[in-house]
Amino acid sequence: MGEKLLDIKDIHVEAEGNEILKGLNLKVNKGEVHVIMGPNGAGKSTLVNVIMGHPKYKITSGDIIFEDERINDLKTDERARKGIFLSFQSPEEVPGITVEGLLRGARTAITGKPIKLMAFRKELKEKLEVLQFDESYASRYLNVGFSGGEKKKNEIIQMMMLNPKLAILDETDSGLDVDAVKIVSKGVNKFKSNDNAIIIITHNSKILEDLRPDFVHIVLNGKVVKTGDASLVDEINNNGFGEFKEAALNS
Ligand SMILES: Nc1ncnc2c1ncn2[C@@H]1O[C@H](COP(=O)(O)OP(=O)(O)OP(=O)(O)O)[C@@H](O)[C@H]1O
Ligand SMILES: [Mg+2]
């Protein structure tokens, strides 16, 4: 087991006065890949937005501990500097900022050090190659005119360039064709190390063929109702979430 990275303790979260997370627990250590599955509206995106510090979501009780520090009250940029990265379920178009410009800005903000431009460009070129993006993407405006799959692959470029300790991918694989899913899993595998951890939210087990998870969690009605190994994915694919719903009702 690797070093402790993230510990979510009995967290309750509300948005617009509705309780969405209702006592959720999750522990992630370095070197681990965690998958979160669960029906639409279960609270998966809420969970990861709360980890990232999205201002819409209010923690009413419970703690988020990152590297032994309680981060409940830190702002999103402070969490990013601590090494937390979230790839969005629906990346937005940002006219006026190029892919490279965003990455340079984010890298400087996170490390607090000036960028060595030649080395940075070389590194970006390598990452673009892994994701099979043409070099010209670096100078395009962020996500503007990108296809759905290109937006998702671009999120992986951001992850690789920012090198976070905790990378959270919220349905990065949805809308990707079979080859793109393979390219993305290759990128994630390249990124994976004993010094970082990955949380993947997905509805599709295709991405898990190349990316073996250490733990699979089922989130239902704002809680983790079951944690297992990779075989849990097959169980869900075969039987759906029905049996877990019943178990949750009876618990
Ligand atoms: N900002 C918000 N204001 C009000 N309700 C919200 C807000 N964000 C999420 N919710 C509600 O919380 C519930 C959980 O939403 P969430 O986006 O976390 O689900 P999810 O598990 O990611 O679902 P999906 O698989 O469809 O992406 C939903 O009922 C949603 O409508
Ligand atoms: Mg979601």
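Mentor: A residue counts as near a molecule when one of its heavy atoms lies within 4 Å of it. This model is predicted, with local features needing pLDDT of at least 70, side-chain atom pairs counting only at pLDDT 80 or more, and totals for chains, interfaces and linings using all residues. Residues are numbered from 1 along each chain as its sequence is written, chains are lettered from A and ligands numbered from 1 in the order written, and side-chain values use heavy atoms, leaving out hydrogens and water.

Trainee: Okay, how many residues surround ligand 1, and which are the closest?

Mentor: There are 16 around ligand 1, and Gly 41, Lys 44, Ser 45, Thr 46 and His 203 are the closest.

Trainee: What makes the pair between Ser 45 and ligand 1 a polar contact?

Mentor: A polar contact is a pair of N or O atoms within 3.5 Å. A backbone N or O atom of Ser 45 sits 2.9 Å from an oxygen of ligand 1, so the pair passes the cut-off. Gly 43 offers a polar backbone atom 3.0 Å from a ligand 1 oxygen. With Glu 171, a polar side-chain atom is 3.4 Å from an oxygen of ligand 1.

Trainee: Back to Thr 46: why is it called buried?

Mentor: Buried means under 20% relative accessible area, taken with a 1.4 Å probe on protein chains only. Thr 46 has 8%, so it is buried. Thr 46 is in α1, a helix, meaning a DSSP run of H or I at least four residues long, numbered from the N terminus. Looking beyond residues up to four places away in sequence, Thr 46 touches Val 13, Ile 20, Leu 21 and Tyr 57; touching means heavy atoms within 4.5 Å.

Trainee: What makes α1 mostly covered?

Mentor: Eight of its nine residues are buried, including Lys 44, Leu 47 and Met 52. Just after α1 comes Gly 53, with a positive phi of about 85°.

Trainee: And Arg 107, why does that one count as buried?

Mentor: Arg 107 comes out at 18%, so it still falls in the buried class. You'll find Arg 107 in helix α3. Among its contacts further along the sequence are Phe 120, Glu 123 and Leu 162.

Trainee: What about Ser 87, why buried?

Mentor: Its relative accessible area is 0%, so Ser 87 is buried. Ser 87 belongs to β6, a strand, which is a DSSP run of E with at least two residues. Its partners away in sequence are Glu 155, Ile 168, Leu 169, Asp 170 and Thr 172.

Trainee: Why is Phe 244 put in the buried class?

Mentor: Phe 244 has 5% relative accessibility, so it counts as buried. Phe 244 sits in helix α8, residues 242-250, and touches residues including Ile 218, Leu 220 and Val 225.

Trainee: One more: what makes something a pocket, and how much space lies in the largest one?

Mentor: On a 1 Å grid over the protein atoms alone, a pocket is an open set of points where a 1.4 Å probe fits, with protein on both sides within 12 Å along at least five of seven lines; lining residues have an atom within 4 Å of a point. The largest pocket holds about 690 Å³. It has 30 lining residues, and Ala 80, Phe 85, Leu 86, Gln 158 and Leu 162 are the closest to its centre. Helix α3 gives the largest share of that lining, six residues.

Methods:
Grid points are joined across faces, edges and corners, and a volume is the space filled by probe spheres set on the points. Buried means under 20% relative accessible area, exposed over 50%, partly exposed in between (1.4 Å probe, protein chains only). A polar contact is a pair of N or O atoms within 3.5 Å; within protein, one must be able to donate a hydrogen and the other to accept it, and residues adjacent in sequence count only if both atoms are side-chain atoms.
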